Amino acid sequence: MKENFKKEGKYTYFEAGEGTPIIVLHGLMGGLSNFGGVADFFPKNGYKVVIPELPLYTQNILKTNVKAFSKFVKDFIVFKGFERVILLGNSLGGHVGLYHTKMYPEKVAALILTGSSGLYESAMGDSYPKRGDYEYIKLKTQNVFFNPEMASKELVDEVFAIVNDRIKVIKTLTIAKSAIRHNMAKDLPKMQTPTCLIWGKDDKVTPPEVAEEFHKLLPNSDLYWVDNCGHAAMMEHPDEFNKIMLEWLEKNKL
């Protein structure tokens, strides 16, 4: 992925392929590399994949919230000159995608959510360890997946570094509070954007009933399950994830 990174103005992002842009929004746990499977697959299938680095820890505390991140995404889309995009978000990234779609529906052709926050309060706080020794952090990170071996040393190190950085901890808690404040339950029934929900059957962070609630509230949604899978389907079962998403995009002529 490294060779496709670009830095332009205030944006750092990955970009590959040509075609309809799929903008990928990462969550709090781990960054752009979580979407390696998506970044590999979709450019070979006629799409442009763009993964901007969200300014989770680099903006003023007043701009460290779901609404400000959504505005950041809109500004990025304008900066890139894209007319309409497909948004794909995991965890907090899904929530940012939902809020962006509520605010700027004309920009979004479709939305793909996996393990998204936005309905379920404890999704942010509980999965995100505040502090603790390395073993505890490792356990908490493993808990995000069905298969604990998915929590690579790099990923655990990354989470451990965040948890031991006072400023990042404060910002993480600010984001978590903002996610609770921006609960989307009342907005979802009004959102007509075609939405694909791809959910891990064993997601402990945003459990299956959260997916069912999204499906019920979003008028134009389809729900797909991935077995033996936790909170990050695109990492744990990349081939199955890509297959479901591509078939859904083709079915919806996107």
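Here is a short chat about one strand, its neighbours and a helix in a predicted model.

Q: Before we start, what kind of model is this?
A: It's a predicted model, where local features need pLDDT of at least 70, side-chain atom pairs count only at pLDDT 80 or more, and totals for chains, interfaces and linings use all residues. Residues are numbered from 1 along each chain as its sequence is written, and side-chain values use heavy atoms, with hydrogens and water left out.

Q: Okay, strand β7: how many of its residues are buried?
A: Six of the six, residues 195-200, so β7 is largely enclosed by the rest of the structure. Buried means under 20% relative accessible area, with a 1.4 Å probe and protein chains only. Strands here are DSSP runs of E, at least two residues, numbered from the N terminus.

Q: Which way do they point?
A: Thr195, Leu197 and Trp199 point one way, and Cys196, Ile198 and Gly200 the other way.

Q: And which strands does β7 pair with?
A: Strand β6 (residues 108-114) runs parallel to β7, joined by three bridges; strand β8 (residues 221-226) is also parallel, over six bridges. Pairing takes at least two DSSP bridges between two strands.

Q: Who's the partner of glycine 200 in β8?
A: That's valine 226. Over in β6, isoleucine 112 has cysteine 196 of β7 as its bridge partner.

Q: Switching to helix α7, which residues are buried there?
A: Val169, Lys171, Thr172, Ile175, Ala176, Ser178 and Ala179. Helices are DSSP runs of H or I, at least four residues.

Q: What happens at the start of α7?
A: A side-chain oxygen of aspartate 165 comes to within 3.1 Å of the backbone nitrogen of isoleucine 167.

Methods: Buried < 20%, exposed > 50% of the residue type's maximum accessible area, 1.4 Å probe, protein only. Polar contact = N/O pair within 3.5 Å; in protein donor to acceptor, adjacent residues only side chain to side chain.
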